[in-house]
Amino acid sequence: MSGDYVCVGGIEVESGKSLRLLGSDGFNLSEGHPIRPGAVWDLTYSPASVVHPPHVEDVIVSHGHMVEEVADTKAAILAAWHPWDCDL
């Protein structure tokens with residue numbers, strides 16, 4: 001992150017896959033972008049053509065719209081996924 005740009009993360013609802021959302025220019029989103037914590041969005045995106053660890057979850061967002069706001073983000077995530085249930 002630098003200047004007026006922010007790192008925006010998300011979770012793909014169908015798979016539970018972590019995403020880092022980048023603009024169509026391949027850079028972090030501007031601070032004024034409408035995506036906010038607790039919002040569920042329907043996005044169209046594609047994997048970034050070049051990824052640099054640790055940001056291997058980068059996707060390029062082409063467009064989308066907000067579906068709903070979640071009142072309790074933590075409860076919604078834990079109801080759908082078990083983030084600690086993994087092989088290390």
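Leu-22 stands opposite Ile-60 in strand β6, and this pair is a convenient place to enter the structure, which is a predicted model. The pair belongs to a ladder in which β3 and β6 run in the parallel sense over 3 bridges. On the other side of the account stands β5, residues 39–47, which is joined to β6 by 9 bridges and runs antiparallel to β6; within that pairing, Asp-42 stands opposite His-65.

Strand β3 has a further partner, since β2 and β3 pair in the antiparallel sense over 4 bridges. Two of the residue pairs can be followed by eye: Gly-9 in the model stands opposite Arg-20 of β3, and Gly-10 has Leu-19 of β3 as its bridge partner. These two strands form a hairpin with 6 residues between them, and in the turn Gly-16 adopts a positive phi of about 80 degrees.

Put together, these pairings give an open sheet of 4 strands in the order β2-β3-β6-β5, with mixed pairing. Because β2 (8–11) and β5 stand at the edges and each has a single partner strand, one side of each is left without a neighbour in the sheet. Neighbouring strands of this sheet are turned against each other by 45 degrees on average, if direction is ignored. As a general matter, strands of a sheet pair through backbone hydrogen bonds, either parallel or antiparallel.

Which residues make up the largest nonpolar core? There are 7 residues in all, namely Val-8, Leu-19, Leu-21, Leu-29, Ile-35, Val-59 and Val-61. Strands β3 (18–22) and β6 (58–69) each supply at least two residues of this core. Leu-21 shows how the core is connected: leaving aside its neighbours within four places in sequence, Leu-21 is in contact with Val-8, Leu-29, Ile-35, Leu-43, Val-59 and Val-61. In soluble globular proteins, nonpolar side chains tend to be buried together.

A polar residue can also be followed here, namely Asn-28, which is found in the loop between β3 and β4 (29–30). Is Asn-28 buried or exposed? Its relative accessible area is 16%, and because the cut-off for burial is under 20%, Asn-28 counts as buried. The side chain of Asn-28 makes a polar contact with the side chain of Arg-20, at 3.3 Å, and Arg-20 is the residue of β3 that stands opposite Gly-9.

Stepping back to the whole chain, the protein has 1 helix and 6 strands, and from the N terminus on the elements run β-β-β-β-β-β-α. Among contacts between residues at least 6 apart in sequence, 50% join residues at least 24 apart. Buried residues make up 16% of the 88 residues in the chain. The C-alpha atoms fill a box of roughly 35 × 30 × 25 Å, taken along the principal axes. A compact globule with 88 residues would have a radius of gyration near 12 Å, and the protein chain, with 13 Å, agrees with this expectation.

Key
Residues numbered from 1 in each chain as written. Predicted model: local features only at pLDDT ≥ 70, side-chain atom pairs only at ≥ 80, totals over all residues. Heavy atoms only, no water. Core = buried A, V, L, I, M, F, W, Y, C linked by side-chain atoms within 4.5 Å. Buried < 20%, exposed > 50% of the residue type's maximum accessible area, 1.4 Å probe, protein only. Contact = heavy atoms within 4.5 Å. Pairing = 2+ DSSP bridges. Axes fitted to C-alpha atoms, helices over the stretch in contact; angles between N-to-C directions. Polar contact = N/O pair within 3.5 Å; in protein donor to acceptor, adjacent residues only side chain to side chain. Rg over C-alpha atoms; globule rule 2.2 N^0.38 Å.
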